Amino acid sequence: MKQTHALGIMADGNSVFLTGPAGSGKTFVLNEFVKWARSDGKHVAVTASTGLAATHLGGNTIHSWAGIGIQDELNKRMVAEMSKTRREQIESADILVIDEVSMLHDYRLDMVEQVCRDVRGDSSPFGGLQVILCGDFYQLPPINRDDGRQGRFIINSEAWENLNPVICYLEEQHRQEDDQLLEILTALRRNDLRRRHAEALLERKIFRTPFDEVVTELYTRNVDVDNINAQKLSGIEGEQHEYEMVGTGRASGQETLKKSCLAPELLTLKMGAFIMFVKNSPDKKYVNGTLGTVVGYEQLTNYPIVKTHDGRTVTAKPETWELRDGEKKIASISQIPLRLAWAITVHKSQGMTLDAAHVDLSKAFVPGMGYVALSRVRSLKTLTLGGLNKISLQMHPEAKEIDTRLRNKSAQDAERLAHLEGEWAKLAKRKPKKKQKSKVAWEAKLAKMRETHPNAYTPWKDLDDMRLIRKATEGRSIAELSKDFGRHEGSIKARLDKLLGDWELKKE
């Protein structure tokens, strides 16, 4: 399915599972839809299965948004004891987006659906929300703790069955430029890795970063990444420049952002440091994953100046990451959008496109790790391998069977909804609507007003009008009439103006 067809289907109001191979543009499509939906006046809750994926989208984890936290089962009184703010966020949402669903347990999606039904008072799937799920079951699977509840992919959940989403399987490739690498990745997805594929990969083990410039190294464990970056930086002579992260908002929200954001709390750089941008530039000067070298510092601000691998010179200025609960901002952090790039974990590389990479999969510990790592680069020519183990090129045993089902249903859905294929071009040109006020937010505001003015925004009755005119002509002040009628002073004045013309009353 083409990206524009998927966007047309989502814009038509359908609940969707957006999927496809690495590099097919899932995140791009998701961002385009969210931007359009919000401009159309919709309230969109943007979430993901992990904090890292959520920060890429400027959203929140699904666990936090739904209030389920890390629980394995719903507390019977959870919804009854839910905060008013969270309840309002769930009630006011029109669309729920959940990204990186391959890592979300089936039972947790069931929990989210039950919360949505209970809070919204609607027995339809997810309480009537349009739901956009996004991910690829060939990538990292849900992690089960030995002492916790065991879960599977969300496709096994009751919520999936109830929702019955339209499958939008993106087929176009927007990352890999090398037919040989694309063939290997396709073979991995089909569990059909042949001898020629293995030999092509093993040839890349002969080399050790034989490129003109240094490249990012991918490892499966944090300890290896931290050690390599520290060693490389200490090996550079020269003055250190430090940049400390600044946070605002709820302390717990700031901590969540710090744990999930790729930018470090304390960024330490030197001239010549190999770095990676960790956010997309608003002016498109760099993207999440762009590599470069620190070549100087701006005079007045001391911001680092980076020469990217494609030859551009960019001043890296502070960027902001936000944690949102629906439409409400909970916390934010600001930092220079850089991190040392000599090494990074496979997990944190998910969603990135790297110019080149050295990959060590000798300590891979879950299926899909090899696929995620190898699919970060565009070509085998920009890839070297430090090691492989038995699990590194394995895929989850369910993935192939699930993928076949999804491809077949996507073909059926594409044919059934063929009339929407050209709709996106029309919708994308439509002028944005004025943002609608949340019904729930208005009701909360009205309830607050009625604590002081019990009759605020209630219809005026004929008897009320007669009493108002009589008391006004008797010389009552606006403040006295406001108290007598339980309405705001502005409402009293406006009603008198309507009944008697430009009516003048004493303020006191």
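Biologist: Which term has to be fixed before the burial of tryptophan 36 and tryptophan 424 is discussed?
Modeller: In this predicted model, a residue under 20% relative accessible area falls into one class, while one over 50% is called exposed. Tryptophan 36 and tryptophan 424 both belong to the class under 20%, and the term for them is buried.

Biologist: How many residues apart in sequence are the parts that the pair of tryptophan 36 and tryptophan 424 ties together?
Modeller: The two rings form an edge-to-face pair, with 5.9 Å centre to centre and 65 degrees between the planes. Because tryptophan 36 lies in helix H2 and tryptophan 424 in helix H15, the pair ties together parts whose separation in sequence is 388 residues.

Biologist: What is the geometry class of the aromatic pair formed by tryptophan 460 and phenylalanine 485?
Modeller: Tryptophan 460 is in the loop between helix H16 and helix H17, whereas phenylalanine 485 is in helix H18, and both residues are buried. Their centres are 5.9 Å apart with 40 degrees between the planes, and the pair is classed as tilted.

Biologist: Which residue lies over the face of tryptophan 460?
Modeller: Besides its pairing with phenylalanine 485, tryptophan 460 has a charged residue over its face, at 4.0 Å from the ring centre. That residue is arginine 487.

Biologist: Which helix gives the most to the largest nonpolar core?
Modeller: This core has 68 residues, and those with the most contacts inside it include Leu269, Ile275 and Leu338. Isoleucine 275 is itself in contact with Leu269 and Leu338, among others. With five residues, the helix that gives the most to this core is H13.

Methods:
Residues are numbered from 1 along each chain as its sequence is written. This is a predicted model: local features need pLDDT of at least 70, side-chain atom pairs count only at pLDDT 80 or more; totals for chains, interfaces and linings use all residues. Side-chain values use heavy atoms; hydrogens and water are left out. A nonpolar core is a set of buried Ala, Val, Leu, Ile, Met, Phe, Trp, Tyr and Cys residues joined through side-chain atoms within 4.5 Å. Buried means under 20% relative accessible area, exposed over 50%, partly exposed in between (1.4 Å probe, protein chains only). Helices (H or I, at least four residues) and strands (E, at least two) are DSSP runs, numbered from the N terminus. Contact means heavy atoms within 4.5 Å. Rings of Phe, Tyr and Trp (its six-membered ring) pair if their centres lie within 6.5 Å; planes under 30 degrees apart count as stacked, over 60 as edge-to-face and the rest as tilted. A charge sits over a ring if NZ of Lys or CZ of Arg is within 6 Å of the ring centre and within 35 degrees of the ring normal. Lists of a residue's contacts leave out its neighbours within four places in sequence.
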